[in-house]
Amino acid sequence: DLNPQLSSAAGRFNSYELPAGPVVFRIRAEGYVEQVFPVDVPAEGVLQMFFPMKKEVAPPAKKAVSISVLDDGRKPLSGAEVTLSGPASGTFTSDAQGRVLTDSDAGILVITAAGATHGPRTITVAVNADSDDVIKAELVLAKKVEPTVGLVAITEKRINIKKKIQFVTNSGEISPESFGLLDEVAGIIRSNPQIARIEIQGHTDDKGARRLNVELSQKRADAVKAYLVNAGVEASRLDAKGFGPDRPVAPNITSSGRAQNRRVEFHIKDAQ
């Protein structure tokens with residue numbers, strides 16, 4: 001109930017003479033959190049106290065996020081439903097340019113998009129609070145087709161697929177036509193928790209430099225792993241390894257043989 005006092009440049013002040021017993025100090029300072037300190041004043045002598053103050057922390061700045069939804073021909077897909085979870089949440093509809101503009105706190109943003117005739121597709125995007133750039137995300141939605149159930153089977157040592165995973169030529173980008181197949185692979189893995197470890201193997205034919213083929217096979221194995229993680233498979237269960245042309249399953253002397261060698265395989269390394 002006494003008049004307030006100001007601390008010196010050294011952060012010190014001498015209080016009024018106070019009666020013995022409990023006293024409460026309320027301390028305010030610009031840039032610091034206002035705090036209350038209870039003190040038990042002795043009947044005699046001088047009491048020296050130290051009051052640690054906490055700095056105010058500004059709320060994290062939100063970052064602009066630009067989301068583009070495209071069809072499998074990479075044309076803007078308007079009217080798609082876009083759902084966000086994580087540091088930002090909500091459901092939006094893509095505009096005529098297939099875009100959704102929003103903002104988000106820092107963290108891992110989960111984005112799911114689906115159209116009336118396309119999708120769904122889920123990706124994760126890291127929102128960096130220190131970045132000055134707009135965070136950009138792109139989702140390519142494949143046209144809905146009948147489920148590919150029956151194209152995936154589990155054996156003791158492998159997950160076999162009856163169709164090949166397709167990629168853009170000389171690229172690690174998965175072709176939208178293979179999204180359904182990979183969704184089925186993800187479903188099989190999720191429904192078999194006893195499979196603790198799977199090695200995703202990328203393989204190529206022998207055309208071109210070996211180093212470039214190994215790099216390409218690694219990119220493709222990594223892309224498949226990323227797709228499965230986005231589809232709900234724990235990353236800790238997946239390893240990605242590119243072998244390039246080193247493990248052919250057919251002679252690299254005909255176009256048919258080379259096509260067989262360009263493949264992705266799923267090998268079970270640990271099952272409980």
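These exercises, each with a worked solution, concern a predicted model.

Local features need pLDDT of at least 70 and side-chain atom pairs count only at pLDDT 80 or more, while totals for chains, interfaces and linings use all residues. Residues are numbered from 1 along each chain as its sequence is written, and side-chain values use heavy atoms, with hydrogens and water left out.

**Exercise 1. Describe the largest pocket and its lining.**

Step 1. A pocket is an open set of points on a 1 Å grid over the protein atoms alone, where a 1.4 Å probe fits, with protein on both sides within 12 Å along at least five of seven lines. Lining residues have an atom within 4 Å of a point.

Step 2. The volume of the largest pocket is about 1500 Å³; a volume is the space filled by probe spheres set on the points, which are joined across faces, edges and corners.

Step 3. Its lining holds 36 residues, and Gln5, Phe13, Ser15, Phe25 and Phe51 lie nearest the centre.

Step 4. Strand 1 (21-27) and strand 2 (35-41) are the elements that give two or more residues to this lining. Strands (E, at least two residues) and helices (H or I, at least four) are DSSP runs, numbered from the N terminus. Strand 1 supplies the largest share, 5 residues.

Step 5. By type, the lining has 22 nonpolar, 8 polar and 6 charged residues. Ala, Val, Leu, Ile, Met, Phe, Trp, Tyr, Cys and Pro count as nonpolar, Asp, Glu, Lys and Arg as charged, and the others, Gly among them, as polar.

**Exercise 2. Work out which face of helix 2 is buried and what packs against the buried residues.**

Step 1. Helix 2 covers residues 210-230, 21 in number, and reaches 30 Å from first to last C-alpha, close to the 30 Å expected at 1.5 Å a residue. The expected span is 1.5 Å times one less than the number of residues.

Step 2. Its buried residues are Asn213, Leu216, Ser217, Arg220, Ala221, Ala223, Val224, Tyr227 and Leu228. Buried means under 20% relative accessible area, exposed over 50%, and partly exposed in between (1.4 Å probe, protein chains only).

Step 3. Seen down the helix axis, these buried residues fall within an arc of 155°, so they line one face of helix 2. The arc is that of the directions from the helix axis to the C-beta atoms.

Step 4. The face turned away from the buried side carries the exposed residues Arg211 and Lys219.

Step 5. The packing partners of the buried residues are strand 8 (121-127), helix 1 (179-190), strand 12 (195-203), strand 13 (238-242) and strand 14 (263-271).

Step 6. Just after helix 2, Gly232 has a positive phi of about 105°.

**Exercise 3. Place Ser104 and list its contacts.**

Step 1. Ser104 belongs to strand 6 (residues 99-104).

Step 2. Ser104 is buried, at 0% relative accessible area.

Step 3. With neighbours within four places in sequence left aside, Ser104 is in contact (heavy atoms within 4.5 Å) with Ala61, Lys62, Lys63, Val65, Pro87, Ala88, Leu109 and Val127.

**Exercise 4. State where Arg74 and Asn170 lie.**

Step 1. Arg74 sits in the loop between strand 3 (63-71) and strand 4 (81-85). Its phi is near 60°, a positive value in a residue other than glycine, and Arg74 is partly exposed at 41% relative accessibility.

Step 2. Asn170 sits in the loop between strand 11 (158-161) and helix 1. Although not a glycine, Asn170 has a positive phi of about 55°, and its relative accessible area of 68% makes it exposed.
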